[in-house]
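Reader: Hey, could you walk me through this one? I'm new to it.

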Amino acid sequence: MALAMPRARSGARWRARAFPYLLLLPACVVLAALTLYPTLYAIYLSFFRLGVGSPDPTFIGLSNYKNISIDPQFWSSLQISGIFTGSAVIVEFVFGFALALLLSQRLYGIRLIRTFLIIPMVMTPVIVGLTWRMFYNPTYGVIDYLLNSVGIPGPDWLADERTALLSVIIVDIWQWTPFMFLILTAGLHSLPSELYEAARVDGGRGWQVFRYITVPLLRQVIITALVFRMIDCFSTFDIIYVLTSGGPGIATQTLVIYSFFQSFRWFHFGYASALAVIILLVLGIASFLLVRLGRLTLLEVE
Amino acid sequence: MVTMRVRRTAGMAGSYLIILIVAVVTLFPIYWILTTSIKQPNDILAIPPKLFVFAVTWGHYNSLVTGNTLGGASALAVPDFYPSLLNSAIIGLSSVALSVAIGTPAAYALARFRFRGKGLFATYVLITRMLPPLGIIIPVFVMYTNFGLIDTRRGLIALYTAFNLSLVIWMMRGFFQEIPASLEEAAQVDGSSRFGAIWRIALPLAAPGLVATAILNLIFTWNEFLFALMLTSDNARTAPVTASLFVSYKEIVWGSLSAAGTVIVLPILVFALLVQRHLVRGLTAGAVKE
């Protein structure tokens with residue numbers, strides 16, 4: 001009995017220590033099988049020639065990456081991704097912030113507007129894209145109808161190389177400005193109102209209060225919003241696929257769309273894997289920099 | 001004094017004008033799908049657009065079942081819609097149930113215990129939230145071909161379960177942290193087992209959060225496109241992929257397409273309104289709370 005006690009207690013201690021790992025185990029198995037393993041496999045495949053004409057993987061070292069570095073389509077798609085992500089996220093941020101500040105006044109119907117603004121974000125992107133295809137149509141679309149009725153000749157939005165990218169950006173702005181708005185509204189609500197009163201008593205004017213009180217206090221929230229939106233915007237596939245499929249020509253072919261075509265139109269699995277690795281690297285580096293820049297505590301656990 | 005009041009009233013009017021414009025721009029696309037789905041074919045393409053006054057028809061919804069479109073487009077122009085809607089429902093519900101069942105215990109561990117590797121695990125889970133589907137679609141495609149999972153519901157369910165875990169784990173971790181640990185400790189002192197304390201104390205208290213998490217997951221899964229497009233064909237195709245096929249046929253049947261779009265989007269909107277308080281939290285994996 002006296003001997004059995006310590007063993008029982010150490011068994012209990014061992015069980016207590018193992019308990020959290022037991023709770024994590026199923027999640028670890030699923031994540032390892034369907035996220036970690038595919039990621040490592042993509043990196044592995046990027047060193048091989050695989051696909052049409054070479055059904056068995058042939059090791060070719062860094063050749064895929066070398067070829068990518070002199071592939072004009074890669075560079076143009078990277079540039080288009082940059083323009084698409086950069087302009088969409090900036091406009092969404094500015095609109096969202098302006099709207100959040102506007103609606104932080106006491107106005108009637110604010111809750112209703114906030115509810116409306118949920119709708120674009122949750123609407124199935126494929127359906128969003130198809131609906132805007134109707135709007136952009138040069139013969140029966142509402143946009144050109146409105147432009148024509150005020151005397152401006154409406155362009156063939158999606159078929160014209162000069163307007164196609166803009167058209168896709170507009171749809172992204174329509175769908176995701178509410179995201180910026182909601183995050184920044186949540187941030188504004190969390191600010192202590194005494195600070196504002198103090199600033200006003202000290203004679204701070206609207207712009208000064210915004211520049212020296214609101215923005216610095218919202219820094220965390222702003223960076224979080226930008227990181228998430230940037231990453232999701234850079235990874236956009238469905239809207240572009242439905243609206244233009246990267247066309248006309250390669251006018252809206254972002255890196256993600258280009259990598260999709262390399263994968264499933266031309267079946268260059270090895271080459272496309274290298275592109276996928278580059279996408280992962282770009283996203284990883286960009287979000288790391290932003291997180292560092294904003295001294296974000298997002299990743300800290302306790 | 002008077003000029004100040006005038007200026008303030010003008011400012012308010014300006015604010016309301018902006019709000020009105022935002023409301024119209026936000027709501028117009030959804031209004032347009034709803035009305036297009038019940039317009040006669042020639043009204044759909046009318047210029048000037050028929051905004052409010054038009055003859056109502058339910059024919060486009062029938063066309064989704066029969067394949068016979070209004071206005072005489074060939075039967076081929078409308079792909080099989082309702083089987084894919086059923087696939088979407090089965091795949092969505094199953095993967096959400098699985099990811100909640102698997103993710104909730106992990107979230108509890110992150111919220112309540114200190115252990116080695118905790119930060120690593122939490123960070124890795126967040127990274128999977130950032131992982132673009134296109135980054136891993138080729139390996140998944142190769143794996144699924146080898147295991148015979150292409151064009152099966154099982155295959156998509158497994159994949160969505162994994163991709164939903166980040167949302168479940170980070171959101172539920174937040175909800176568990178809001179519950180005082182002392183409640184479970186008290187139950188354990190009263191003779192409850194550790195599992196008993198979780199099951200009877202923590203879980204019921206976190207139930208509203210659990211429901212919100214599940215609904216958000218369902219919305220994101222329902223809307224997913226790339227994996228469904230590449231990993232399914234006739235057997236397990238989901239509704240958004242079927243909708244995208246309406247366009248690849250020679251003539252676009254806007255009426256039937258809008259009817260399909262309405263059927264896909266409406267349930268999502270209802271669910272979204274139920275969980276609107278938690279939407280931002282869900283989209284940022286729990287990083288921003290409202």
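Author: Here is a short chat about how the chains meet, and then some single residues.

Author: This is a predicted model, where local features need pLDDT of at least 70, side-chain atom pairs count only at pLDDT 80 or more, and totals for chains, interfaces and linings use all residues. Residues are numbered from 1 along each chain as its sequence is written, while chains are lettered from A and ligands numbered from 1 in the order in which they are written.

Reader: Ok, how many residues of chain B are in contact with chain A?

Author: In chain B, 76 residues are in contact with 69 residues of chain A; contact is when the C-beta atoms, placed from the backbone, lie within 7 Å. H1(B) gives the most to chain B's side, with 12 residues.

Reader: And what's that side like by class?

Author: By class, chain B's side has 59 nonpolar, 13 polar and four charged residues. Ala, Val, Leu, Ile, Met, Phe, Trp, Tyr, Cys and Pro count as nonpolar, Asp, Glu, Lys and Arg as charged, and the others, Gly among them, as polar.

Reader: Got a helix pair across the two chains? At what angle do H4 of chain A and H12 of chain B cross?

Author: The axes of H4 (residues 110–122) of chain A and H12 (residues 254–274) of chain B come within 10 Å and cross at roughly 130°. Helices here are DSSP runs (H or I, at least four residues), numbered from the N terminus. Axes are lines fitted to C-alpha atoms, for helices over the stretch in contact, and angles run from 0 to 180 degrees between N-to-C directions.

Reader: Which residues meet there?

Author: A:Thr115, A:Ile118, A:Ile119 and A:Val122 in H4(A) meet B:Ile268, B:Leu269, B:Ala272 and B:Leu273 in H12(B). That contact has seven nonpolar, one polar and no charged residues.

Reader: Switching to chain B alone, what domains does it have?

Author: The assignment gives domain 1 (2–77) and domain 2 (82–283); the bounds come from an automatic or database domain assignment. Their C-alpha centres lie 31 Å apart, and the contact takes 17 residues from domain 1 and 13 residues from domain 2.

Reader: Which helix gives the most on the domain 1 side?

Author: H3(B) does, with five residues. By class, that side of domain 1 has 11 nonpolar, five polar and one charged residues.

Reader: Now single residues. Is B:Ala55 buried or exposed?

Author: B:Ala55 counts as exposed, because it has 10 C-beta neighbours inside 10 Å. The cut-offs: buried if 20 or more other C-beta atoms lie within 10 Å of a residue's own, exposed if 12 or fewer, and partly exposed in between, with C-beta atoms placed from the backbone. B:Ala55 is in the loop between H2 and H3 of chain B. Not counting residues up to four places away in sequence, B:Ala55 touches B:Gln40 and B:Asp43.

Reader: Where does B:Pro48 lie?

Author: B:Pro48 lies in the loop between H2 and H3 of chain B. The peptide bond from B:Ile47 to B:Pro48 is cis, with omega near -5°. Over in chain A, the bond from A:Gly247 to A:Pro248 is cis, with omega near -5°.

Reader: What about phi in A:Phe267?

Author: A:Phe267 has a positive phi of about 50° although it is not a glycine. A:Phe267 is found in the loop between H11 and H12 of chain A, and is partly exposed, with 14 other C-beta atoms within 10 Å.

Methods:
Contact = placed C-beta atoms within 7 Å.
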